[in-house]
Amino acid sequence: MKNGKRAIATAAAMALLFTGGALPMRASAVEVGVDRVEHRAYLEGAGGTFLPEKTLTRAEAAVILARLMVDGAGEPIYSEGLEYPSPFSDVPEGAWYESAVGLVWSYGIIGGYDDNTFRPDQPISRAEFVKMISKFDPLKGGALTFSDLPDTHWAAAYVVSACAYGYISGYPDGTFRPEQGISRAETAKVVNRLLHREPDLEAISAGGYAEQYSDLGADHWAFAEVIEASVSHDYERADGAEHWVLAPEEPEPEPDPEPEEPSDPSRPGNGPDFVSDSFRFVFPELRITSPLKDLDLEKVDSIALHHMAHPTATFEDVEHWHVDDNGWSAIGYNFWIDFEGNVYVGRGWHVGAGVGGQNSHIISIGFQGDYDGVNKEMPEAQLQAGAALVAWIQERVPTARTVGGHGDFSATDCPGRYFPLEEIIALAEQKR
C-alpha cells in the first residue's frame, strides 16, 4: 500500500527546435512527470553483477527516464509496443534504445548535437544528467558554491536547482565535476531523490541483499541506494520515512501440491518434452534450494534474451551467482546457451527469475558471453542454437509471440550492444 495521493512532477514540453517537415514533431503543451508513487525497479544488474562504477551512457539515461515518465494523470507514457521516432542520424532503427530516445527527445527532456547526432554510446556527464532531471520540476534559484562551476557555465542554473531540491551534491573537495561521467551508483542515488525514494536500511539489511550483486557489498557507499533502485517493492510512509512492506525478487515458494512428482526442470513435468532435432539439450544436475513454481504456459507471452556480462562464465558459474550470491531457488534462466550451441535446461517450464516482476509471463534465455564489451561477435553455433530455441519455444508455447532483449522488458543494457538480437529474431522466424 502507498499512502497519500499520487505526486506528479511536471515540465512543459519544448516546441520543435528543428525546421523541415521530414523531422518528427515534439510534443507540445503536454505535462509530463516521473512516477513518484510506484517503487518499481529501474536499474538492474546482469549475471550477478551491478557494475556500480561503470559510467552511464546517453542511451541508458534516456531509457531510465523514459520508463519512469508519466502523464498528468500519473499513467506511464512509455510503452514497449509503440514507436517514438527521433531525428538523430546515429540512432538506428530497431536499436534497443531507439524508442526511449525518441520519447525523451519529443518531450524536451534531452537534446542532440549540432550535427544531428545523439551519440548514444557516449558517457553522459553529471551536468548533462542534471539538466535532464531538472525538466521535471520548476527551477529553484540559489548561489553556486562549487569551485569548478562558474555562473557562466551552461548548466549552472540546473545544478543550482537540483542541489536546492536535494537531488545531487558535490564532492568533499568543494567541486562538482560537471564534465565527469555519472556512474551507475551515483545514478541510483540521484534518481532515488528525484523520485522521492529513500532506502529502508532496516528492511534492506534484514532482506539479505548483501549478496544481491557480487561486485557490490554492504560496505559500498551506494549499497542501499542501489537496492532501492533495483528491487521493486511496496512501501508505507510513516514519521517522514519510507518503510518497505514487501520487497520480493521472486515469489515466495509454494509447497509442491503433488510431492510424488517433484518439481524437476529436467523432466517434461508441466510442459512439452525437451526434444529437438535442431540442437542438443543438456540436463545439468541443478541446485534447487526450494520448490520451483510451474509456469502457466497459457499466460506466457514473451521470451527475453540475456547475456552474462562476463566473457567466459559457464552455466555453473552463473548458477553459483544466482544460488549462492543472490539466494535464489535455482539458476534464474529457463534455458542457457553456451558458445558451442549446447542448450542447457535451467528452470525449464518453471517460473524463472530473469526479469524482475514479470517472470510469470516471460521465458528467459541466457547466452554465455559479454556482448556489451569483450565478445563483439557471437559464435555461429550459439547464434543458430539461440534462434532455433526461440522457434522451438514458440512452436510449443504459441502465445509467446514477443521476443526481445532483457532491456526491452526492464531498464537495463542487457543483452549488450553487440548482441545480435534482431538477427536471432529473424532467424527464429525463418526456422518456425
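Q: What makes the link between the side chains of histidine 39 and glutamate 228 a polar contact?
A: The two side chains are joined at 3.5 Å. A polar contact is a pair of N or O atoms within 3.5 Å; within protein, one must be able to donate a hydrogen and the other to accept it, and residues adjacent in sequence count only if both atoms are side-chain atoms. The value of 3.5 Å is within that limit, so the link earns its name. A note on the model: it is predicted, local features need pLDDT of at least 70, side-chain atom pairs count only at pLDDT 80 or more, and totals for chains, interfaces and linings use all residues. Residues are numbered from 1 along each chain as its sequence is written, and side-chain values use heavy atoms, with hydrogens and water left out.

Q: Does histidine 39 count as buried or exposed, and why?
A: Its relative accessibility is 3%. Buried means under 20% relative accessible area, exposed over 50%, and partly exposed in between (1.4 Å probe, protein chains only). Since 3% is under 20%, histidine 39 counts as buried. You will find histidine 39 in the loop between β2 and α1; helices (H or I, at least four residues) and strands (E, at least two) are DSSP runs numbered from the N terminus. Contact means heavy atoms within 4.5 Å, and beyond four places in sequence histidine 39 touches Arg197, Glu228, Val231, Ser232, His233, Tyr235, Arg237 and Glu242.

Q: What makes a group of residues a nonpolar core, and which members of the largest one touch the most others?
A: A nonpolar core is a set of buried Ala, Val, Leu, Ile, Met, Phe, Trp, Tyr and Cys residues joined through side-chain atoms within 4.5 Å. The largest here has 66 residues, and Tyr42, Met69, Leu103, Ile109, Phe129, Met132 and Ile227 touch the most other members. Elements giving two or more residues include β2 (31-34), α2 (98-106) and α5 (184-194), while α1 gives the most, with eight residues. Another core, of 36 residues, lies apart from this one, with Phe279, Val343, Leu389 and Leu421 among its members.

Q: How do you know that α2 is mostly covered?
A: Eight of its nine residues are buried. They are Ser99, Ala100, Val101, Gly102, Leu103, Val104, Trp105 and Ser106. These residues pack against α1 and β3 (69-71).

Q: Why is strand β7 described as largely enclosed by the rest of the structure?
A: Six of the six residues of β7 (residues 302-307) are buried, so the strand is largely enclosed. Ser302, Ala304 and His306 cover one side, and Ile303, Leu305 and His307 the other; all are buried. That two-sided pattern fits a general idea: in a regular strand the side chains alternate between the two faces of the sheet.

Q: What makes β7 and β10 paired strands?
A: Two strands pair if DSSP finds at least two bridges between them. Six bridges join β7 to β10 (residues 362-367), and the two run parallel, so the rule is met. Histidine 307 stands opposite phenylalanine 367 in β10. On another pairing, four bridges join β7 to β11 (residues 402-405), again in parallel, with alanine 304 opposite glycine 404.

Q: Why do β6 and β11 stand at the edges of the sheet?
A: The six strands form an open sheet in the order β6-β9-β8-β10-β7-β11, with mixed pairing. β6 (281-282) and β11 each have a single partner strand, so one side of each is left without a neighbour in the sheet.

Q: Why is the pair of tyrosine 371 and phenylalanine 419 called edge-to-face?
A: Rings of Phe, Tyr and Trp (its six-membered ring) pair if their centres lie within 6.5 Å; planes under 30 degrees apart count as stacked, over 60 as edge-to-face and the rest as tilted. These centres are 5.8 Å apart and the planes stand at 80°, so the pair is edge-to-face. Tyrosine 371 lies in the loop between β10 and α9 and phenylalanine 419 in the loop between β11 and α10 (421-431), so the pair ties together parts 48 residues apart in sequence. Tyrosine 371, at 0% relative accessibility, counts as buried, and phenylalanine 419, at 7%, does too.

Q: What makes the pair of phenylalanine 146 and phenylalanine 176 tilted?
A: The rings are 5.2 Å centre to centre with 45° between the planes. An angle of 45° is neither under 30 nor over 60 degrees, so the pair counts as tilted. Both residues are buried.
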